[in-house]
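Subject: Structure for your files

Hello,

Here is the structure I said I would send. My notes on what was found in it follow below.

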Amino acid sequence: MSDIPVVDLTGSWLFDPGASDPMVEAWREREVRYQISQQPDHIDFEFIVEGGYSIETSYRWDGTVTRFSRSGSEVEEIARWTDSGRVFEIRGRWSPENEPDDITVYELRYALRVLAITFTQTNDTGSTVWTFVKERR
């Protein structure tokens with residue numbers, strides 16, 4: 001079951017390298033951002049890397065499992081609000097299309113802290129923490 005969201009993650013959020021673990025090597029010298037649109041029953045994420053790379057994902061927090069293929073892998077994710085509606089959490093698993101029994105489990109957490117989102121990705125190899133600051137226009 002999901003908590004009711006009490007924060008709004010809507011906005012454009014720019015990666016802050018000074019407050020984060022290192023960015024993925026291929027994207028390290030590029031501008032990286034999240035474009036987030038939060039609606040009453042779902043949330044849309046667009047992860048954008050300077051130079052044209054982009055991933056769009058939409059999540060409902062009513063227990064719906066999101067399934068998709070990405071980069072030769074099959075992915076299943078389920079999202080919910082936790083911490084009394086202050087943290088958006090995604091629990092997922094992926095496996096290569098040609099090795100469906102080789103499953104990797106992970107968790108993604110988005111926690112709003114004033115004008116920054118702390119994104120934490122955790123799997124069996126450890127955790128990565130990135131900070132994204134709200135862009136002002």
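A term first, since the notes on hairpins rely on it: two strands are counted as paired if DSSP finds at least two bridges between them. Please also keep in mind that this is a predicted model.

Overall make-up. The protein has 10 strands and 0 helices, so the order of elements from the N terminus is simply β-β-β-β-β-β-β-β-β-β. The radius of gyration is 15 Å, close to the 14 Å that the globule rule gives for 137 residues, so the protein is as compact as a globular protein of that length. Along the principal axes, the C-alpha atoms fill a box of roughly 45 × 35 × 25 Å.

Contacts and surface. Of the 137 residues, 39% count as buried. Among contacts with a separation of 6 or more, 35% come from residues 24 or more positions apart. The accessible surface is about 8200 Å², and carbon and sulfur atoms hold 48% of that. On charges, the protein has 15 positive and 25 negative ones, and the mean positions of the two sets are 6 Å apart.

Strands β2 to β4. Strand β2 (residues 32-38) and strand β3 (residues 42-49) run antiparallel and are joined by 7 bridges. They form a hairpin with 3 residues between them. β3 is also joined to strand β4 (residues 53-60), again antiparallel, by 8 bridges. That second hairpin likewise has 3 residues between its strands, and Gly51 takes a positive phi near 110 degrees there. Ile43 in β3 is a handy residue to look at when you trace this part: Gln38 stands opposite Ile43, and Ile43 in turn stands opposite Tyr59 in β4.

Val87. Is Val87 buried or exposed? Val87 has a relative accessible area of 3%, and the cut-off for buried is under 20%, so Val87 is buried. Val87 lies in strand β7, which covers residues 87-96. Leaving out residues up to four places away in sequence, Val87 touches Arg80, Trp81, Thr82, Arg109, Tyr110 and Ala111. One of these, Tyr110, is 23 residues from Val87 along the chain, yet their C-alpha atoms are separated by 5.6 Å.

Regards

Terms used. Residues are numbered from 1 along each chain as its sequence is written. This is a predicted model: local features need pLDDT of at least 70, side-chain atom pairs count only at pLDDT 80 or more; totals for chains, interfaces and linings use all residues. Side-chain values use heavy atoms; hydrogens and water are left out. Helices (H or I, at least four residues) and strands (E, at least two) are DSSP runs, numbered from the N terminus. The radius of gyration is taken over C-alpha atoms; the globule rule is 2.2 Å times the number of residues to the power 0.38. Buried means under 20% relative accessible area, exposed over 50%, partly exposed in between (1.4 Å probe, protein chains only). Contact means heavy atoms within 4.5 Å. Accessible areas come from the Shrake-Rupley method with a 1.4 Å probe; for residues, only the protein chains shown count as cover. Lys and Arg count as positive and Asp and Glu as negative; His and the chain ends are not counted. The place of a charge is taken as NZ of Lys, CZ of Arg, CG of Asp or CD of Glu.
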